[in-house]
Amino acid sequence: MCSQKAVLRRDGFTFKQFFVAHDRCAMKVGTDGTLLGAWVPVANVTSVLDIGTGSGLLALMLAQRTPDNVTIDAVELDPIAAEQAAENAKGCQWASRITVHCADIREWAQQATQRYSLIVSNPPFFEQGSNCASPERAQARYTTTLDHSALLHSATQLITEDGFFCVIMPETAGTAFTELAKTQGWHVRYRTDVADNETRLPHRVMLALSPTDGEYFTERLTIRGPDQQYSEGYCGLTQDFYLFM
């Protein structure tokens, strides 16, 4: 459990091995990003790309989970968020392995000189709706800036033949995303449906796609058990990161 004497900064989120400031980012550290960062398969990963890194959360989580020889590129369109992600990376123990790029991934992909064995993204998944508090938040939430077809196309340009492209999104959006991915030559290899508890329908889905066909694994993860405490599966997945696990 987290010590009551611990002094936690209010401008971000404190994990066991690093701190993520997010006060200048449109989208804050949340359950979605933390789940994805803890879930993605990292066996035999040699290089990582984080598309739409925001605060840099996924880049830092994957730096913690991978060997010292794995390099991580994090691309972010919003210059203010990219600046904060770079500061977060510089302040962590894996600073030499993480490079933050302020760029549009569609343009950046055209100039990239390498391919990645793991690509991750906590992408925009809402179609344009009600006005957001800021243009930056709208950019992070809505697919108007980076729609899913363009995201998949960029990942196609940057993935290795045996690599994985991993995302998290609402269950309904995930189903549509899966069908779209199949039309672009992707194969779903891992799928985890996430529900609040055993009585609720899944509200999120995590997907690992690959250009190469192979075995398909699927499972269901509940965040809380019948006693409303965090479930054994959720604790097992996130215990290396959350202070309270």
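Trainee: What makes the link between the side chain of T238 and the backbone oxygen of Y234 a polar contact?

Mentor: In this predicted model, the T238 side chain reaches that Y234 oxygen at 2.8 Å. The cut-off for a pair of N or O atoms is within 3.5 Å, so 2.8 Å passes.

Trainee: Where does T238 sit, then?

Mentor: T238 belongs to helix α8, which covers residues 232-238.

Trainee: Why is T238 called buried?

Mentor: Buried means under 20% relative accessible area. T238 has 0%, so the word fits.

Trainee: Which residues does T238 contact once its neighbours within four places in sequence are left aside?

Mentor: Those are A38 and M245. They count because each has heavy atoms within 4.5 Å of T238.

Trainee: Okay, cysteines. Why is C25 called buried, but C235 partly exposed?

Mentor: Set each value against the cut-offs. C25 has a relative accessible area of 4%, which is under 20%, so C25 is buried. C235 has 23%, and partly exposed runs between 20% and 50%, so that label goes to C235.

Trainee: And how many disulfides are there?

Mentor: The count is 0. A disulfide needs a pair of cysteine sulfur atoms within 2.5 Å, so a count of 0 tells you that no pair met that rule.

Trainee: Let's try Q64. What makes Q64 buried?

Mentor: Q64 has a relative accessible area of 17%. The limit is under 20%, so Q64 counts as buried. You'll find Q64 in helix α2, residues 57-65.

Trainee: How do you know that Q64 and D240 are in contact, with their C-alpha atoms 9.2 Å apart?

Mentor: Good one! The 9.2 Å runs from C-alpha to C-alpha, but a contact asks for heavy atoms within 4.5 Å. D240 is listed among the residues that Q64 touches, so the pair meets that cut-off. In sequence, Q64 and D240 are 176 residues apart. Q64 also touches Q17, F18, W94 and F241.

Trainee: What about the whole chain: how much of it is buried?

Mentor: Of its 245 residues, 49% count as buried. The chain has 8 helices and 10 strands.

Trainee: Last bit: what makes P41 a lining residue of the second largest pocket?

Mentor: Lining residues have an atom within 4 Å of a pocket point, and P41 is on the list, so P41 meets that rule. Others on the list include N44, S117 and F164. The space in this pocket is about 180 Å³. Strand β7, residues 159-170, gives the most to the lining, with 3 residues.

Conventions:
Residues are numbered from 1 along each chain as its sequence is written. This is a predicted model: local features need pLDDT of at least 70, side-chain atom pairs count only at pLDDT 80 or more; totals for chains, interfaces and linings use all residues. Side-chain values use heavy atoms; hydrogens and water are left out. Helices (H or I, at least four residues) and strands (E, at least two) are DSSP runs, numbered from the N terminus. Buried means under 20% relative accessible area, exposed over 50%, partly exposed in between (1.4 Å probe, protein chains only). A polar contact is a pair of N or O atoms within 3.5 Å; within protein, one must be able to donate a hydrogen and the other to accept it, and residues adjacent in sequence count only if both atoms are side-chain atoms. On a 1 Å grid over the protein atoms alone, a cavity is a set of points where a 1.4 Å probe fits but cannot get out, and a pocket is an open set with protein on both sides within 12 Å along at least five of seven lines; lining residues have an atom within 4 Å of a point. Grid points are joined across faces, edges and corners, and a volume is the space filled by probe spheres set on the points.
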